[in-house]
Amino acid sequence: MSTARSDEPPRAWQRMLSGRRLNLLDPSPLDVEISDIAHGLARVARWNGQTYGDHAFSVAEHSLIVEDITVQLKPDLSPDWRLAVLLHDAPEYVIGDMISPFKSVIGEAYKAVEARLQGAIHLRFGLPAEIPQTIKKLCKRADIICAYFEAVELAGFSEQEAGRIFGKPRTFPLDEHGKLRYGLTPQPVAKAEKLFMERFTEIEALRADATNSKSTPAAG
């Protein structure tokens, strides 16, 4: 029998494996941990799990590919914005990956929760709560390119159907078979989590190098 008082507000926080308690109504950057993000995203399935393969294609894997595509589109992208792109779907470690049609049904309530979480995540890792529109547009372009190939290679869409919904990429470098150079192979959750953490660590090292370069006086 529950001992919770009936007049108490419903619980709005989630306990993470790190021990943090993240309040969805007022998320604090102090309660955001990259280990929780990597763990969660590796276990959240894209396309509601409706993909081919022995494993779900995770949001962690999607995030890695979108970051890679973004760097191909803009090779001089700064480490800060590379991190922002890697974390573009990070709120989904809390709220899951709702397919676009369902987001349309829910509307503004979903967007408000997502925006609060995204802002807290950015601040936790030293990024602006709101990133520039140019970076958002670049990330969105990479996201759509990735979604097209996921739809065709993993989710059972024909090229024609995926092209109508996402637009077929025409000016993006592909391999000799017209596919993404690394392919789309759903990974076991432990590997997806590991790969996400490795990319995060790599980008953080680049950010540290960039900061040190700016703070080092020029020889003369």
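Select Arg199 and Glu67 to begin: they form a salt bridge, with the closest N and O atoms 2.4 Å apart. Arg199 sits in helix H9 and Glu67 in helix H2, 132 residues apart along the chain. The model is predicted. Glu67 is buried, at 2% relative accessible area.

Next, add Arg82 and Glu202, whose side chains meet in a salt bridge at 3.6 Å, N to O. Arg82 belongs to helix H3 and Glu202 to helix H9, so this pair ties together parts 120 residues apart in sequence. Arg82 counts as buried at 14% relative accessibility, whereas Glu202 is partly exposed at 39%. Keep the four residues selected: salt bridges that share partners join Glu67, Arg82, Arg199 and Glu202 into one network.

Now move to Glu33 and Arg124, a salt bridge of 3.7 Å, N to O. Glu33 lies in the loop between strand S2 (21-23) and H1, and Arg124 in helix H6. Glu33 is buried, with a relative accessible area of 19%, while Arg124 is partly exposed at 32%.

For the largest nonpolar core, select Ile37, Leu83, Leu87, Tyr93, Ile121, Phe125 and Phe196, which touch the most other members among its 34 residues. Then show Leu87 alone with its contacts, including Ile34, Gln118 and Phe196. Apart from this core lies another, of 19 residues, among them Trp47 and Ile69.

Last, find the second largest pocket, with a volume of about 280 Å³. Of its 13 lining residues, Glu61, Leu64, Ile65, Tyr182 and Leu195 lie nearest the centre. Helix H2 gives the largest share of the lining, four residues. By class, the lining has six nonpolar, three polar and four charged residues.

Note on methods. Residues are numbered from 1 along each chain as its sequence is written. This is a predicted model: local features need pLDDT of at least 70, side-chain atom pairs count only at pLDDT 80 or more; totals for chains, interfaces and linings use all residues. Side-chain values use heavy atoms; hydrogens and water are left out. On a 1 Å grid over the protein atoms alone, a cavity is a set of points where a 1.4 Å probe fits but cannot get out, and a pocket is an open set with protein on both sides within 12 Å along at least five of seven lines; lining residues have an atom within 4 Å of a point. Grid points are joined across faces, edges and corners, and a volume is the space filled by probe spheres set on the points. Helices (H or I, at least four residues) and strands (E, at least two) are DSSP runs, numbered from the N terminus. Ala, Val, Leu, Ile, Met, Phe, Trp, Tyr, Cys and Pro count as nonpolar, Asp, Glu, Lys and Arg as charged, and the others, Gly among them, as polar. A nonpolar core is a set of buried Ala, Val, Leu, Ile, Met, Phe, Trp, Tyr and Cys residues joined through side-chain atoms within 4.5 Å. Buried means under 20% relative accessible area, exposed over 50%, partly exposed in between (1.4 Å probe, protein chains only). Contact means heavy atoms within 4.5 Å. Lists of a residue's contacts leave out its neighbours within four places in sequence.
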